[in-house]
Amino acid sequence: MLTLADVKLQRRMDLDYTTEDALLQRFIEAAYRHAEAHTQTAIRPRSETLVIDGFPPVDRAIELPWYPVQSIDALEFITPSGDSQPLDETALRLDTRDDPHRLYPRWGDRWPATIAEPECVTISASVGYEKTPEDIELALLLLIGHWYENRESVVIGTITAEVPMGVEMMLFDYRRHAVG
C-alpha cells in the first residue's frame with residue numbers, strides 16, 4: 001500500500017513539508033479507486049461480503065465477484081428450519097486457479113440445504129493483493145503525480161488528457177475482462 005512518504009519521494013518533496021498532506025492522501029485514495037475500477041481488481045487488501053439467494057445445485061461452484069481472493073473468512077446460511085448456521089472453512093474448497101475464483105464444497109460433499117428465501121447465504125472473504133505489484137504502484141505514483149501537477153484536465157492541441165497513457169499501459173496486464 002502506498003504511503004504519503006512514497007508519494008513525497010516520487011514527487012521529490014521534503015518529507016517535513018506537510019501543507020499538502022491531506023490533498024496527497026486524497027490523491028492516493030482516488031488513484032487506488034481509479035486503478036481498481038479500471039482493472040476490476042481488488043488492489044488494496046480488505047474484507048468483502050457476498051449475499052446470495054441459496055447454494056448452487058449439488059456441488060456446483062459459487063463464482064466470487066472479487067479478484068484476487070486471499071481467503072474465505074466466514075460462510076453463514078439459513079437452514080430450512082430458519083436457523084442461522086456457520087459452515088466451517090474446512091468444509092469449503094477455494095479455487096483460485098482461474099478468474100473468476102470459485103468456491104466449492106469440500107471434495108465429496110454437497111452444499112447444505114437452505115431456506116427457500118432470498119439472501120439466505122452470506123460469504124465473507126479477504127480480497128486484494130497481499131503486496132501490491134510494483135507496476136501497479138508505479139502506475140499509481142504516475143497518476144498521483146499527474147493529478148498533483150495538473151489540477152484540471154490537460155489539453156494538448158485538441159486532445160484532452162485526464163489520465164497519462166503510461167498509467168493505462170502499466171495497468172493493462174491486471175485488467176479483468178467481463179463477458180456478458
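Q: In this predicted model, is Glu-36 buried or exposed, and what is its relative accessible area?

A: Burial is read against a cut-off, under 20% relative accessible area, and Glu-36, with a relative accessible area of 11%, is therefore buried.

Q: With which residue does Glu-36 form a salt bridge?

A: Side chains of opposite charge can pair when their charged atoms come close. Here Glu-36 forms a salt bridge with Arg-46, and the closest N and O atoms lie 2.9 Å apart. The pair links distant parts of the chain, since Glu-36 belongs to helix H2 (residues 21-39) and Arg-46 to strand E1 (residues 46-52), 10 residues apart. Arg-46, unlike its buried partner, is partly exposed at a relative accessible area of 30%.

Q: Which residues are linked with Arg-46 in a network of salt bridges?

A: The network links Glu-29, Glu-36, Arg-44, Arg-46 and Glu-48. Within it, Glu-48 forms a salt bridge with Arg-46, the closest N and O atoms being 2.8 Å apart, and Glu-48 counts as partly exposed at 23% relative accessibility. The structure as a whole holds 10 salt bridges.

Q: What does the side chain of Lys-8 reach, and with which side chain does it make a polar contact?

A: Lys-8, found in helix H1 (residues 4-11), counts as buried at 2% relative accessibility, so its polar partners deserve a look. Its side chain reaches the backbone oxygen of Tyr-17 at 2.4 Å, and it also makes a polar contact with the side chain of Asp-21 at 2.8 Å. Leaving aside neighbours within four places in sequence, the residues in contact with Lys-8 include Met-13, Leu-15 and Leu-24.

Notes. Residues numbered from 1 in each chain as written. Predicted model: local features only at pLDDT ≥ 70, side-chain atom pairs only at ≥ 80, totals over all residues. Heavy atoms only, no water. Helix = DSSP H or I, 4+ residues; strand = E, 2+ residues; numbered from the N terminus. Buried < 20%, exposed > 50% of the residue type's maximum accessible area, 1.4 Å probe, protein only. Polar contact = N/O pair within 3.5 Å; in protein donor to acceptor, adjacent residues only side chain to side chain. Contact = heavy atoms within 4.5 Å. Salt bridge = Lys/Arg side-chain N within 4 Å of Asp/Glu carboxyl O.
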